[in-house]
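Me: I would like to learn how to read a protein model. Can you take me through one step by step?

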Amino acid sequence: MERSKYGGNQDQDSLLVIISSNVKEQAYYMKRAIDQDSLRDSLKHASNMLCELRTSSLSPKHYYELYMQIFQEMHDLSNFFDDKIRHGRKMSELYESVQHAGNIIPRLFLLVTAGACYIRSLEVPAKEILFDMSELCRGVQHPIRGLFLRYFLIQMCKDVLPDTGSEYEKNGGGSTLDSWEFLYSNFCESTRLWIRLQNHGSPKDRSRQERERHDLRILVGANLLRVSHLDGITQSIYTQEVLPKLLDVVLSCDDTLAQQYLLDCIIQVFSDELHLKTLETLLAACMKTLPGVDLKPILTNLMNRLSNFLHQSKDNDLLDNIDIFELFRKHLAELHERAQPSSRKQVGNSLERDLSSLLDLHLAFLSFTLTLYPNNAYYVDIILGSTVTLLTNALGIKSDGTCGTTLEPKCIDSVVEILSLPFQSLPLSILVEMNHFPNLLYFLNYQTGKKVAISMVRTVVENNTPLDNAEALRRYCGFISPLLEDENDHLAHNIANKTDDLEQDNAEFVNEQMLVAKLVHQIQHEDLNQIFIMYGILRELFYHSTSKRYKYTLPTLGYCSLKIISSLIDKRGVESNMTNNDLTRPSIKKILQFIHQIATELVSCSAEIALSLFLQGAVMASRVNEPDSYEAICCEFITQSLVCFEEELAESKKQFQSLMAIIGTLINHVSCLESNNYELLAAKLTQYSAKLLRKPDQCRAILMCSNLFWNNDKTRDPDRVLECLQKCLKIADASVQMAPGNSALFIDILEKYMYYLEQGNSSITTDFISNLVTLCFEHIQFAGNEIPEGPKILLRNLSLHINENKSIYKNFKIEDSIISSL
């Protein structure tokens, strides 16, 4: 590491301690002299204290600490000077006497202190003393010492400047323009000294010098802050006098750091209203800066300030006489046309050569435009077109239409933001019609396009943006298609040879597909037919993807389609729907066919969801309750659920759950089937139940099937019910032989026997129940602790129910002692 000419930090700290000790000592003697009202001694010790500022051994950082220590001590001397009774001298004499100090540094610091007090006394016009002090301070040309002296000058005089309504303005004391001239002169000298710091030291320490200059920039900016606080600076004065002179100083600086800081400082300290009135002048000056000036933070800050000001302002006429968008657009276009490097690679840190900075600037401009003109899609499209031009010039275009150079990650993030930002405020129908939106997508490869697609979908979902236009949705689907494609789909020679099986189980992949599925819920329209049309557009999008995505995207589409049928039935009645006279409403048959197709696609990749959709479709078809072929549609849905069960489900647990779902749907929710179809399905389900792998599952499934032969009034068959129950008893008996814990099956069978007896099934008698109760208690006693507590509680409750209903269970009573043994 290079060693600074000032020495290391430890050397600097040690030196500062020594100098500070001297300052404290002289400050002590100065204050003691002040307490004794001794002007001579107080000036003597103050001069000795200020002599420490003559040092050249301290770095700017440590010199600033020394300066602040002395500045605090000088307040006591200033207060003493203000009290003419104590020191007994006229202010004019005091002002003259301090100039007799031997060294120029203490002499000028004392002069400034006395000068400020002289102005406060109102014995002399303020402008004369201000001009005199400003001229005398030219005597110090050392960059650091001169800069701090200039800073001390405006600190001491900030409250005595002639201004509108100020007491220092009266009786010829001066005007706001005099104060401006004083501050302007000080600003010019401070800027010159600050720039000279880059040559203060060895060229090898250039980076250190730049850091030191950056740390001291506030000493220059303080002049601009004082100017902005002058109440007499009107819009006219600022426009014709202040800003032109300040910009002349800025542009005359042959230094990138100075130009960048001073432009940013001008934007920071002056009011937004003044910036609005002088926007063209300010932007034109920005375009004239040196190539190395990074205009991105300057212009971004300017846009942010103006957007906040205009958003909060209640004056609607502010934008009447100025086209802010056109001004920024014109000058940003000029920024693009600045000298380009011979190579397409980025060179240095120049903004015009820094693609990332330019893209960030476009992003800021787009955000600024959307804030001021939230509904102006034309302006947004212009910015997108400008971005396309920028990327075309920077990256180049090959003969095949692809980019000549790939984007850097930072640039990719900016492009993604530029493409996503409009979705937060503009309607989708307007966005997708923009000419340059798809053109900007051409610059993105698969991974980048996918990133944009994710951002676009997330913006729509998180902002709850309604998708209410079919054509707009169709174009939008084209933009987000990378989310439903594999990267191999973009490489023709790899399509047949590569698969991405690992991605299917990837959590990121799943989250992406679930995000796409949420788009279905964003489809909103008063017309159900339009909703159904847009569902069809999404289905086309989903179908163009690979089957591994179906189980994440298609189910939402299927279940939301079911809601349309429910709405049609509930809101307008089945009769009006069946007439098909209302062409603005979708046909229930078409929607059911739509659901059937989705469920069919899901069979191979998610059999359980497909089966559930088939059953839901059957329920909806049954709800229509019309003879116009809906019975056949309902039967088809149930049949397909059975095919799915038979061909796709191999795991015994899933088979049992699915079979119970089919039986339950047929029992509770389907009522439109003709007798022959119903009996065929009931028999088929009973057969499937008997073929389940586990005996307990067979028993419970057949027990459930018994309801199929009882709950339907058209096909009620008491004998088939009894046949199912007896078959369950045989299966339960076989199960108990293998595992005594299966004895609970007998209790379930007993409950079912009791249900049918109380429902009036003539084939069920109390003798069956009596024998079955005895059998249950025997098996409970035999199994012991292998049966859980739940079935025992059920048997106890059933036994109590039998004893309490003597009218049903005649000549049959279970002893209390037997019940209590459970």
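The turns below go from the whole chain to one residue.

Me: What should I keep in mind about where this model comes from?
Reply: It is a predicted model.

Me: How many helices and strands are there in the protein?
Reply: The protein has 41 helices and 0 strands.

Me: Is the protein spread out or compact, judging by its radius of gyration?
Reply: The radius of gyration is set against the value that the globule rule gives. Here it is 45 Å, well over the 28 Å given for 822 residues, so the protein is more spread out than a compact globule. The C-alpha trace spans about 135 × 75 × 55 Å along its principal axes.

Me: What percentage of the residues is buried?
Reply: A residue is buried when its relative accessible area is under 20%. Buried residues account for 53% of the 822 in the protein. The accessible surface comes to about 38100 Å², and carbon and sulfur atoms hold 47% of that.

Me: What do contacts say about residues far apart in sequence?
Reply: Take the contacts between residues at least 6 apart in sequence: 72% of them join residues at least 24 apart.

Me: Now a single residue. Where is Thr234 found?
Reply: Thr234 sits in the loop between helix 11 (217-228) and helix 12 (235-252). Its side chain reaches the backbone nitrogen of Ile237 at 3.2 Å. Thr176 is 58 residues from Thr234 in sequence, with 9.8 Å between their C-alpha atoms.

Me: Why does Thr234 count as partly exposed?
Reply: Partly exposed lies between the buried limit of 20% and the exposed limit of 50%. Thr234 counts as partly exposed because its relative accessibility is 39%.

Conventions:
Residues are numbered from 1 along each chain as its sequence is written. This is a predicted model: local features need pLDDT of at least 70, side-chain atom pairs count only at pLDDT 80 or more; totals for chains, interfaces and linings use all residues. Side-chain values use heavy atoms; hydrogens and water are left out. Helices (H or I, at least four residues) and strands (E, at least two) are DSSP runs, numbered from the N terminus. The radius of gyration is taken over C-alpha atoms; the globule rule is 2.2 Å times the number of residues to the power 0.38. Buried means under 20% relative accessible area, exposed over 50%, partly exposed in between (1.4 Å probe, protein chains only). Contact means heavy atoms within 4.5 Å. Accessible areas come from the Shrake-Rupley method with a 1.4 Å probe; for residues, only the protein chains shown count as cover. A polar contact is a pair of N or O atoms within 3.5 Å; within protein, one must be able to donate a hydrogen and the other to accept it, and residues adjacent in sequence count only if both atoms are side-chain atoms.
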